[in-house]
Amino acid sequence: MRDAIEKVREFHVANNQLIGGEFDEASSKALNLKAEDELGSLDDLREGLEAVKDLAEMLERYHDHMKDPRFLRMHLILEEAAEVCEAILAGNVIDTTDGLCDLAYVTAGTALSLNLPLADSFDEVHASNMTKRRVRNEDDKRFRGKGPNYRPPDLAPIVKKFRESGGYRVNSQ
């Protein structure tokens with residue numbers, strides 16, 4: 001995990017992304033108040049999080065009925081992602097940290113369950129991401145696009161080699 005964080009740090013530095021920002025309950029309350037003042041309400045955001053949780057529950061029911069681990073994995077990812085978002089909005093440092101760890105754990109578990117080479121694929125996605133550069137769209141003043149030197153990740157040979165070598169096969173259900 002430390003290696004992955006260092007790679008993401010490298011990307012953040014290269015693309016002038018925030019590292020070490022202010023995050024606590026007080027700063028989150030201030031941000032929420034500012035967002036409510038400028039946007040009128042955070043109700044749409046809260047409704048969106050409820051919709052994500054509803055979808056997670058639906059996927060859990062699908063898993064219970066179908067017994068297919070893909071439904072369970074999707075359920076777990078959405079459930080943890082919603083919890084992280086709620087914790088961030090609340091400015092709860094401990095719950096956010098716990099949720100991010102759970103999300104990373106569930107992501108790794110999904111790779112194991114679906115027999116996907118997460119570690120080698122992460123390295124390839126990182127190499128691809130390092131070819132991205134933020135490009136400003138002059139029409140709306142936001143950063144869009146990936147820049148002229150962007151190279152998409154080439155995951156097909158990594159997945160093929162991994163699966164040909166037997167992947168994670170310890171047991172199958």
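**Exercise 1.** In this predicted model, determine which residue forms a salt bridge with glutamate 50 and how far apart the closest N and O atoms are.

*Solution.* Step 1: The partner of glutamate 50 in the salt bridge is lysine 53, and their closest N and O atoms are 2.9 Å apart. Step 2: Both residues belong to helix 3 (residues 43-66), where a spacing of 3 residues amounts to about one turn of the helix. Step 3: The relative accessible area of glutamate 50 is 40%, so this residue is partly exposed. Lysine 53, at 24% relative accessibility, also counts as partly exposed, because the partly exposed class lies between 20% and 50%.

**Exercise 2.** Describe the salt bridge of lysine 29 and glutamate 25, and state where in the structure the two residues lie.

*Solution.* Step 1: The two side chains meet with an N to O distance of 3.2 Å. Step 2: Lysine 29 and glutamate 25 are both in helix 2 (residues 25-39); they are 4 residues apart, and therefore about one helical turn separates them. Step 3: Glutamate 25 has a relative accessibility of 44% and counts as partly exposed.

**Exercise 3.** For the salt bridge between aspartate 3 and lysine 7, decide whether lysine 7 is buried or exposed.

*Solution.* Step 1: The side chains of aspartate 3 and lysine 7 form a salt bridge at 3.4 Å, N to O. Step 2: In helix 1 these residues are 4 residues apart, so about one helical turn lies between them. Step 3: Lysine 7 has 17% relative accessibility; because buried means under 20%, lysine 7 counts as buried. Aspartate 3, with a relative accessible area of 48%, is partly exposed.

**Exercise 4.** Establish how helix 1 and helix 6 pack, giving the angle and the distance between their axes.

*Solution.* Step 1: Helix 1 (residues 2-14) and helix 6 (residues 118-129) pack at an angle of about 10 degrees, and their axes are 10 Å apart. Step 2: Angles under 35 degrees count as roughly parallel, so helix 1 is roughly parallel to helix 6. Step 3: Helix 1 contributes Asp3, Ala4, Lys7, Val8, Glu10 and Phe11 to the contact, while helix 6 contributes Phe122, Asp123, His126 and Asn129. Step 4: Sorted by class, the contact comprises 4 nonpolar, 2 polar and 4 charged residues.

**Exercise 5.** State how many salt bridges a search of the whole structure finds, and which residues join Asp3 in one network.

*Solution.* Step 1: The search finds 12 salt bridges. Step 2: Through salt bridges that share partners, Asp3, Lys7 and Asp123 are joined into one network.

Key:
Residues are numbered from 1 along each chain as its sequence is written. This is a predicted model: local features need pLDDT of at least 70, side-chain atom pairs count only at pLDDT 80 or more; totals for chains, interfaces and linings use all residues. Side-chain values use heavy atoms; hydrogens and water are left out. Axes are lines fitted to C-alpha atoms, for helices over the stretch in contact, and angles run from 0 to 180 degrees between N-to-C directions. Angles under 35 degrees count as roughly parallel, over 145 as roughly antiparallel, 65 to 115 as roughly perpendicular and the rest as oblique. Contact means heavy atoms within 4.5 Å. Ala, Val, Leu, Ile, Met, Phe, Trp, Tyr, Cys and Pro count as nonpolar, Asp, Glu, Lys and Arg as charged, and the others, Gly among them, as polar. A salt bridge is a side-chain nitrogen of Lys or Arg within 4 Å of a carboxyl oxygen of Asp or Glu. Buried means under 20% relative accessible area, exposed over 50%, partly exposed in between (1.4 Å probe, protein chains only).
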